[in-house]
Amino acid sequence: MILIDVQEVGVGAGPAPDLPPVTADNTDGGPALVAVGTEDGPVLASLVIGGRYRPDTGGVFLDGRDDTDALRAAVALVDTPGVAEPAPSLPLGSVVREELVFAGLPAGRAAVRQFLHQFGLHAYVSAVVGNVPPTERIRVLAELAILRPGIRALVITSPERHGGSTAGWLDVALEMTRRDIAVFVIAGHAAIDDALAHLDPSVSVAPLGSR
């Protein structure tokens, strides 16, 4: 598994920055849970950790290297609002088809159904994304993301905004780390607190900002 080391990254200045400084890493092998308390924080943190946005302070290091291009090539953003989230009115099958094309894989009707069938989600092929249950939504988007060439890490943004159980999206994150994929989950304080109440101490905790 690759190591992503986030050191005091922040966006904005003054007493109320858009992204207060954060330090986090995935050294323990589990998903890193990053709690964000500002309105724009989850998206900004995701963009910074994913190498899409240069912070005003601090840096993000991939296996000890300050290499934004390599970071961006290795990290996929999952369901990041306004950046990497599917339109809620799109059928799930269309989302899968587009991602398979993006990954350079067969993307016909049979390929789409086969992809969903392996996760027991073929019944949702015609459902619009906005109606797909929260855990299944995150699972499909995460599985599609790791099909892209070179992807070795995921940043999952604000999974709690869809409702559902914290345990659902955490199961997805934990499963990905067991498959040697580095995972950062950016969520609100309440969601992170709920996660910590149900998980063992091996899960990496990276508090961000103030309450």
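Colleague: I'm new to this structure, so let me start small: is arginine 65 buried, partly exposed or exposed?

Modeller: Good place to begin, and please keep in mind that this is a predicted model. Arginine 65 counts as partly exposed, because its relative accessibility is 40%. The label "buried" is kept for values under 20%, and "exposed" for values over 50%.

Colleague: Which residue forms a salt bridge with arginine 65?

Modeller: The general idea comes first. Side chains of opposite charge can pair when their charged atoms come close. In this structure, arginine 65 is paired with aspartate 67, and their closest N and O atoms are 3.4 Å apart. Aspartate 67 is partly exposed as well, at 29% relative accessibility.

Colleague: How many salt bridges does a search of the whole structure find?

Modeller: The search finds eight salt bridges. One of them joins glutamate 175 to arginine 179, with 3.9 Å between the closest N and O atoms. Glutamate 175 has a relative accessibility of 27%, so it counts as partly exposed. Arginine 179 is also partly exposed, with a value of 37%.

Colleague: Which residues are joined into one network by salt bridges that share partners?

Modeller: That network consists of Asp79, Glu85, Arg137 and Arg161. Let's look at one pair in it: the side chains of aspartate 79 and arginine 161 meet in a salt bridge, at 3.4 Å from N to O. This pair links distant parts of the chain, since its two members are 82 residues apart. Aspartate 79 sits in the loop between β5 (75–78) and α3 (92–102), while arginine 161 sits in the loop between β6 and α6 (166–178).

Colleague: Are aspartate 79 and arginine 161 buried or partly exposed?

Modeller: Here the two partners get separate labels. Aspartate 79 is buried, because its relative accessibility is 1%. Arginine 161, at 32%, counts as partly exposed.

Colleague: What about the backbone: what is the phi of aspartate 79?

Modeller: Again, the general idea first. Most residues other than glycine have a negative phi. Aspartate 79 has a positive phi of about 60°, although it is not a glycine.

Colleague: And what value does phi take in aspartate 180?

Modeller: Phi of aspartate 180 is near 70°, which is again a positive value in a residue other than glycine. You will find aspartate 180 in the loop between α6 and β7 (182–188). With a relative accessibility of 45%, aspartate 180 counts as partly exposed.

Colleague: Let's turn to charge on the surface. Which residues form a negative surface patch?

Modeller: To read a patch, look for residues of like charge that are joined to one another at the surface. Here Asp18, Glu39, Asp40 and Asp56 form a negative one. Take aspartate 40 as an example: its place is in the loop between β3 (32–36) and α1 (41–49). Its relative accessibility is 44%, so aspartate 40 is partly exposed.

Colleague: Which side chain does threonine 157 join in a polar contact?

Modeller: The side chain of threonine 157 is joined to that of serine 46, in a polar contact of 2.7 Å. Threonine 157 belongs to strand β6 (residues 153–157). Threonine 157 is buried, because its relative accessible area is 0%.

Colleague: How far apart in space are leucine 62 and isoleucine 2?

Modeller: A useful habit is to set the separation in sequence beside the separation in space. Leucine 62 and isoleucine 2 are 60 residues apart in sequence and 7.2 Å apart in space, C-alpha to C-alpha. Leucine 62 is part of strand β4 (residues 57–62), and at 3% relative accessibility it is buried.

Colleague: How far apart in space are leucine 92 and glycine 188?

Modeller: Their C-alpha atoms are 26 Å apart, with 96 residues of separation in sequence. Leucine 92 lies in helix α3, and it counts as buried at 4% relative accessibility.

Colleague: One last pair: what are the two separations for proline 55 and aspartate 171?

Modeller: Proline 55 and aspartate 171 are 116 residues apart in sequence and 30 Å apart in space, C-alpha to C-alpha. Proline 55 is placed in the loop between α1 and β4. Proline 55 is buried, because its relative accessible area of 16% falls under the 20% cut-off.

How values were computed
Residues numbered from 1 in each chain as written. Predicted model: local features only at pLDDT ≥ 70, side-chain atom pairs only at ≥ 80, totals over all residues. Heavy atoms only, no water. Patch = residues over 30% accessible without salt bridge, like charges linked within 9 Å, V, L, I, M, F, W, Y side chains within 5 Å. Areas by Shrake-Rupley, 256 points an atom, 1.4 Å probe, with all protein chains shown as cover. Salt bridge = Lys/Arg side-chain N within 4 Å of Asp/Glu carboxyl O. Lys, Arg positive; Asp, Glu negative; His and termini not counted. Charge placed at Lys NZ, Arg CZ, Asp CG, Glu CD. Helix = DSSP H or I, 4+ residues; strand = E, 2+ residues; numbered from the N terminus. Buried < 20%, exposed > 50% of the residue type's maximum accessible area, 1.4 Å probe, protein only. Polar contact = N/O pair within 3.5 Å; in protein donor to acceptor, adjacent residues only side chain to side chain.
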